[in-house]
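The following exercises ask the reader to work through selected features of a protein structure. Each task is followed by a solution in steps.

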Amino acid sequence: LEQLEARLENHTWNNTTPVRVSFTGDDFFIEDFRLAHGDAFIESSGGMLDGQFQKLLFRAGNIDLDLLGDIFSTPTQVSGRGDLTANLEGSLEAPVLKADLIIRTQQQPNPLFEEASLDLSYAQQQLHGTAYLQQDARRVLSAKLELPVNLALDGTPVDQRLLDTRLSASVDIDRPVLEALSSILPELPPLAGTLQGRVEVDGRYSDLAIDTRLDVEGSGIPDIKLLVMANLDQEQLSFGNISATTDGSELRGQGNMALAEQRMEFEWQIPRLELREFVAGLPAGLPSQVSGSIDLGGTLQDPELSTVLKYADGMVSGDMELGLGDPSPRYQADLLISELVLARFVPELQGNINASVDIQGVGIDEDDRDARIELAIDSRHFELAPELAGQLSARLINQSLHVDTLRLQSKPLEIQAQGVLSETLASDFDYSLAVRDLVSMQEFTPGGLQ
């Protein structure tokens with residue numbers, strides 16, 4: 001062909017030299033093939049003879065990534081240029097492949113990477129690969145893989161191409177700038193900080209062991225050491241050990257999830273949790289240490305959560321059920337607070353508080369939400385001041401406050417009240433006054449009192 005012109009998405013590609021390709025039956029040989037558009041080019045050479053590839057080469061250089069997105073109708077979150085080189089030898093039944101891909105991004109604020117590389121080689125049903133990402137002239141991610149797979153160029157079904165022999169993969173992460181992820185994943189909340197560590201996968205397709213060890217730094221929360229040891233087989237994903245550790249907190253867990261039913265069973269232990277590490281601006285006088293356990297069950301569509309926590313010398317326990325399969329999610333939660341010591345919050349106050357919260361509802365958006373909240377508070381041995389005690393037992397139902405008992409008690413007097421305060425602040429209360437030991441008031445009464 002003396003002249004070849006191809007138009008792709010308003011980009012015109014022309015041959016720079018005459019195209020020479022010969023065909024004989026099922027055999028072919030490419031002597032000269034090169035198309036160019038500006039400084040971008042595509043070229044190929046080599047062929048096939050008697051079912052054997054004859055150094056078949058394909059090269060693409062300085063290709064615009066935005067153009068590829070237009071051609072394949074896929075959005076590209078990274079702009080830049082790419083080079084690809086692929087060599088194919090062997091036969092259709094046993095190909096031998098080597099491929100190298102390099103991508104360079106254009107200058108832009110917070111790019112996910114400045115340069116990315118992928119090298120692949122395939123022979124004898126083994127696929128080997130290495131890859132890296134580079135930020136600020138430094139490799140921040142390196143990956144290796146060895147996969148048993150059948151890439152024969154024949155009619156082998158896809159589900160028969162994965163060979164159940166040993167495989168391995170590893171990813172080394174060296175402090176990438178996580179903020180750059182926002183450029184390609186804008187739906188995520190803003191990210192900050194970095195992480196460092198290694199992820200290893202070993203085993204077979206039917207039984208994989210996954211080992212993850214990461215240090216998370218500078219992300220708006222304290223530095224975290226994360227360890228995840230998991231096993232994946234055809235029936236379930238099992239986590240033998242999950243741990244997250246900071247200077248003042250520790251979380252340990254284990255569990256599994258059945259893949260077919262998506263049913264999960266997880267147990268979490270919290271030996272210590274320092275709230276000040278995660279809650280900015282926590283008042284200095286409030287207790288900040290929490291410990292306890294969390295159980296997670298149910299399915300991904302209908303999770304169930306149960307907690308038992310120790311806080312301020314009291315116990316906080318609760319159960320929650322969620323229904324996420326319907327367009328309007330349903331939810332139900334019961335929370336019980338037992339013997340919370342008031343002196344841990346305000347040293348001048350003595351006594352304990354018991355409370356319960358009951359939440360039931362459907363829907364989250366204001367337009368379709370139908371929820372009911374009931375809060376009950378019961379204080380016992382509550383001393384407001386020396387020789388002045390109080391007791392409160394109340395329930396908050398939706399927007400109305402139901403006071404079952406409000407008692408203020410001192411040596412000379414006792415005041416009690418019961419009633420309802422509605423959402424419009426209209427009140428309906430009954431009060432009673434009991435006179436007790438008036439003699440105790442005589443020091444405040446001129447002339448004494450009997």
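The exercises below concern a predicted model and treat salt bridges, a pocket and a surface patch.

**Exercise 1.** Determine which strands are tied together by the salt bridge between Glu43 and Arg59, and classify both residues as buried, partly exposed or exposed.

Solution.
1. Glu43 and Arg59 form a salt bridge in which the closest N and O atoms are 2.7 Å apart.
2. Glu43 belongs to strand β5 (residues 40-49) and Arg59 to strand β6 (residues 52-64), so the pair ties together parts that are 16 residues apart in sequence.
3. The relative accessible area of Glu43 is 16%. Buried means under 20%, so Glu43 is buried.
4. Arg59, with a relative accessible area of 32%, is partly exposed.
5. The pair also belongs to a network of salt bridges that links Arg34, Glu43 and Arg59.

**Exercise 2.** State where the partners of the salt bridge between Arg104 and Asp83 lie in the chain.

Solution.
1. The closest N and O atoms of Arg104 and Asp83 are 2.8 Å apart in this salt bridge.
2. Arg104 is in strand β8 (residues 95-105) and Asp83 in strand β7 (residues 80-90); the pair links distant parts of the chain, 21 residues apart.
3. Arg104 has a relative accessible area of 28% and is partly exposed. Asp83 is likewise partly exposed, at 28%.
4. The structure as a whole holds 18 salt bridges.

**Exercise 3.** Describe the character of the lining of the second largest pocket.

Solution.
1. The volume of the second largest pocket is about 180 Å³.
2. Its lining consists of Leu112, Leu133, Gln135, Val140, Leu141, Ile173, Pro176, Val177, Leu178, Leu181 and Leu195.
3. Sorted by type, the lining residues comprise ten nonpolar, one polar and no charged. Gln counts as polar because Gln is in neither the nonpolar nor the charged group.
4. Strands β10 (126-135) and β11 (138-148) each supply at least two residues of this lining.

**Exercise 4.** Identify the residues that make the nonpolar surface patch of about 490 Å², and explain why Leu408 counts as partly exposed.

Solution.
1. The patch is made by Leu388, Leu408, Leu413, Ile415, Leu433 and Val435.
2. β27 (413-421) and β28 (427-435) each supply at least two residues of the patch.
3. Leu408 is located in strand β26 (residues 400-410).
4. Leu408 counts as partly exposed because its relative accessibility is 36%, and partly exposed lies between the limits of 20% and 50%.

Methods. Residues are numbered from 1 along each chain as its sequence is written. This is a predicted model: local features need pLDDT of at least 70, side-chain atom pairs count only at pLDDT 80 or more; totals for chains, interfaces and linings use all residues. Side-chain values use heavy atoms; hydrogens and water are left out. On a 1 Å grid over the protein atoms alone, a cavity is a set of points where a 1.4 Å probe fits but cannot get out, and a pocket is an open set with protein on both sides within 12 Å along at least five of seven lines; lining residues have an atom within 4 Å of a point. Grid points are joined across faces, edges and corners, and a volume is the space filled by probe spheres set on the points. Helices (H or I, at least four residues) and strands (E, at least two) are DSSP runs, numbered from the N terminus. Patches are made of residues with over 30% relative accessible area and no salt bridge: like charges are joined within 9 Å, nonpolar side chains (Val, Leu, Ile, Met, Phe, Trp, Tyr) within 5 Å. Accessible areas come from the Shrake-Rupley method with a 1.4 Å probe; for residues, only the protein chains shown count as cover. A salt bridge is a side-chain nitrogen of Lys or Arg within 4 Å of a carboxyl oxygen of Asp or Glu. Buried means under 20% relative accessible area, exposed over 50%, partly exposed in between (1.4 Å probe, protein chains only).
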